[in-house]
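Subject: Structure for your review

Dear colleague,

Please find the structure below, together with an account of what was found in it. I should be grateful if you would read the notes with the coordinates open.

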Amino acid sequence: MRRAIRESVFSREGSDLADEYIIHFDNVTKKYKNTSHPAVDRLTVGIKPGEFITILGGSGSGKTTVLKMVNRIIEPTSGTIYFKGRDIMTLEPDKLRREIGYVIQQGGLFPHMTVEDNIALLPDCLKQDRKKTRERVRELLRLVRLDPDVYKDRYPRQLSGGQQQRVSIARALIADPDVLLMDEPFGAIDAVIRAELQEELREIHKQFRKTILFVTHDVQEAMYLGTRVLVMREGVMQQFDTPANVLMNKNNRYVAEIVGNRGEIQRMLMLKAKDLAKPYSPGDHGPQLDIEADMERVFELFMRDTSAECIVLTNKSEPVMTIWRSDLLSAGKSHD
């Protein structure tokens, strides 16, 4: 059972995988000294460029170990991790880390440095053009919704928790990395600010298509942010799938337990219209909406147009998929 959940794609040659995946774990195990079980046990999983992967699990599930092995903060005991087709163990750690942004809980900012200097730390260490770096800092502060004229000269102690996390995200983006690693970055922030940061991070991902690996123990956060969700238990992958499938087609009892009984409406609101849609057929009709629309928008349209049999999703104004009213009635239910 511990080896049953493995992506069959890894039967292909490594050279093929390099073209498809920006990161892939091939039978990776991490075992610490004086422990009876591996922290991560024979993990095989591939991550495509631009994906937003949320890693979900309880304490001791191995989720943070998975994250930290990508940039060699922790090194695997066996197996191979590839980054852009290269075995990370053949890469110089500092060079590897320059290609990967890293955000931890509570920011990890240097208290004796200003916001500007915290964000500019890496390019300053590399002695890059100072003027260009400062211009880039201002751009990034605006991106994370902090006015550079107000915040660049402040120190971390003068910022709220949410502001510190915004600065930390800006620092992770300063070198324009292809990959962001985020280790429970919003875990210590109150619910209102957390929701704002989640939405802002979704917008950053949508705009720049960075590949993001995001560790969380919060089910709703994992489902809301992730394009795919990796569920871990005691170092073993339990399921790796879209949020819709993790919610509605749980792989085993543990996934059902960790996802929990969240209620039909709450399940529905986590989905997108495309998660419920079926192929479009000529003759399907009804109000139209974008394929990326959330389920709240779907409900609104059906409530306004009670006679509609379906909703036609459009891509560049062309109908491509259909949602049937009858599917809404069962979509939020658990299919254990």
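A residue is called buried when its relative accessible area is under 20%, exposed when that area is over 50%, and partly exposed in between. Please bear in mind throughout that this is a predicted model.

Val-312 is a convenient place to apply these cut-offs. With a relative accessibility of 3%, Val-312 falls under the 20% limit and therefore counts as buried. The residue belongs to strand 13, which covers residues 310–315. Leaving aside residues up to four places away in sequence, Val-312 touches Tyr-280, Asp-284, His-285, Gly-286, Pro-287, Gln-288, Leu-289, Pro-319 and Met-321. One of these contacts, Leu-289, is 23 residues away along the chain, and its C-alpha atom is separated from that of Val-312 by 6.9 Å.

For the protein overall, the secondary structure comprises 16 helices and 14 strands. Of its 336 residues, 50% count as buried. Among contacts between residues at least 6 apart in sequence, 64% join residues at least 24 apart. The exposed area is about 16500 Å², of which carbon and sulfur atoms supply 47%.

Two helices deserve a description. Helix 2, residues 63–70, is mostly covered, with 6 of its 8 residues buried. The buried residues are Lys-63, Thr-65, Val-66, Leu-67, Met-69 and Val-70.

Helix 9 spans residues 191–208; its 18 residues reach 26 Å from the first C-alpha to the last, close to the 26 Å expected at 1.5 Å a residue. At its start, a side-chain oxygen of Asp-190 comes to within 3.1 Å of the backbone nitrogen of Val-192. Buried in helix 9 are Arg-194, Leu-197, Gln-198, Glu-200, Leu-201, Ile-204 and His-205. The elements that cover these residues include strand 3 (52–56), helix 6 (130–143), helix 8, strand 7 (179–183), strand 8 (211–216) and helix 10 (219–225).

Helix 8, residues 161–173, also holds Arg-171. Which polar partners does the side chain of Arg-171 have? It reaches the backbone oxygen of Gly-108 at 3.1 Å, and a polar contact of 3.4 Å joins it to the side chain of Asn-118. Arg-171 is buried yet has no salt bridge, the nearest side chain of opposite charge being that of Asp-117, 11 Å away.

Finally, some backbone angles call for attention. Most residues other than glycine have a negative phi. Asn-27, by contrast, has a positive phi near 55°. Asn-27 is placed in strand 1, residues 23–30. Its relative accessible area of 28% lies between the two cut-offs, so Asn-27 is partly exposed. Asn-34 likewise has a positive phi, near 60°, and is found in the loop between strand 1 and strand 2 (40–47). At 84% relative accessibility, Asn-34 is over the 50% limit and therefore counts as exposed. Positive phi values also occur just after both helices described above: Arg-72 takes about 65° just after helix 2, and Arg-209 takes about 55° just after helix 9.

With kind regards

Note on methods. Residues are numbered from 1 along each chain as its sequence is written. This is a predicted model: local features need pLDDT of at least 70, side-chain atom pairs count only at pLDDT 80 or more; totals for chains, interfaces and linings use all residues. Side-chain values use heavy atoms; hydrogens and water are left out. Buried means under 20% relative accessible area, exposed over 50%, partly exposed in between (1.4 Å probe, protein chains only). Helices (H or I, at least four residues) and strands (E, at least two) are DSSP runs, numbered from the N terminus. Contact means heavy atoms within 4.5 Å. Lys and Arg count as positive and Asp and Glu as negative; His and the chain ends are not counted. A salt bridge is a side-chain nitrogen of Lys or Arg within 4 Å of a carboxyl oxygen of Asp or Glu. A polar contact is a pair of N or O atoms within 3.5 Å; within protein, one must be able to donate a hydrogen and the other to accept it, and residues adjacent in sequence count only if both atoms are side-chain atoms. Accessible areas come from the Shrake-Rupley method with a 1.4 Å probe; for residues, only the protein chains shown count as cover. The expected span of a helix is 1.5 Å times one less than its number of residues.
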